[in-house]
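Me: Before I rely on the labels attached to this model, I would like to go through them one at a time and set each value against its definition.

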Amino acid sequence: MRKVRDFDAELKALGDRAKLLRVRKIQQFGELIEATGADALEPDLLAGALLAAVAEKEGATTKAWAARGAQFFRETSRKSSRRARGSSEGGKAAAGGAEPA
């Protein structure tokens, strides 16, 4: 006999997962704004810059922005990886002394 599927439970689980992903996306946008230093900008300026980015149609400009963003993520991911490794690896981090604050 086939196992009966509970479609209502599956739909609820998918809805909960979608809600969690939306919340995580908003949180990551906030973290991105802080990481780039954009939190120091006036909200009107930040909103205007984002609207200009959305309205930009020139491919060369958007490709340059994308390359710059990718470079930012490569740099920040390496920094966070080093910090994570330094705190988890007792031998190398302890031998090197304390990290400057």
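**Labels and their cut-offs**

Reply: Buried residues, meaning those under 20% relative accessible area (exposed is over 50%, partly exposed in between, with a 1.4 Å probe and protein chains only), make up 2% of the 101 residues in the protein chain. This is a predicted model, in which local features need pLDDT of at least 70 and side-chain atom pairs count only at pLDDT 80 or more, while totals for chains, interfaces and linings use all residues. Residues are numbered from 1 along each chain as its sequence is written, and side-chain values use heavy atoms, with hydrogens and water left out.

Me: What makes the contact of Glu10 and Arg5 a salt bridge?

Reply: A salt bridge requires a side-chain nitrogen of Lys or Arg within 4 Å of a carboxyl oxygen of Asp or Glu. The side chains of Glu10 and Arg5 meet at 2.8 Å, N to O, so the pair satisfies that limit.

Me: Why is Arg5 called exposed, and why is Glu10 called partly exposed?

Reply: Arg5 has a relative accessible area of 52% and therefore counts as exposed. Glu10 has 32% relative accessibility, so the label is partly exposed.

Me: How do you know that Asp16 and Lys12 form a salt bridge, and where do the two residues lie?

Reply: The closest N and O atoms of Asp16 and Lys12 are 3.1 Å apart, so this pair also meets the limit. Both residues lie in helix α1, four residues apart, which is about one turn of the helix; helices here are DSSP runs (H or I, at least four residues), numbered from the N terminus, and strands are runs of E of at least two. The accessibility labels are partly exposed for Asp16, because its value is 42%, and exposed for Lys12, because its value is 54%.

Me: Which residues line the largest pocket closest to its centre, and what makes a residue a lining residue?

Reply: The largest pocket has a volume of about 840 Å³, and of its 18 lining residues the closest to the centre are Leu32, Thr36, Leu50, Ala53 and Trp65. A pocket is an open set of points on a 1 Å grid over the protein atoms alone, where a 1.4 Å probe fits, with protein on both sides within 12 Å along at least five of seven lines, and lining residues have an atom within 4 Å of a point; the volume is the space filled by probe spheres set on the points, which are joined across faces, edges and corners.
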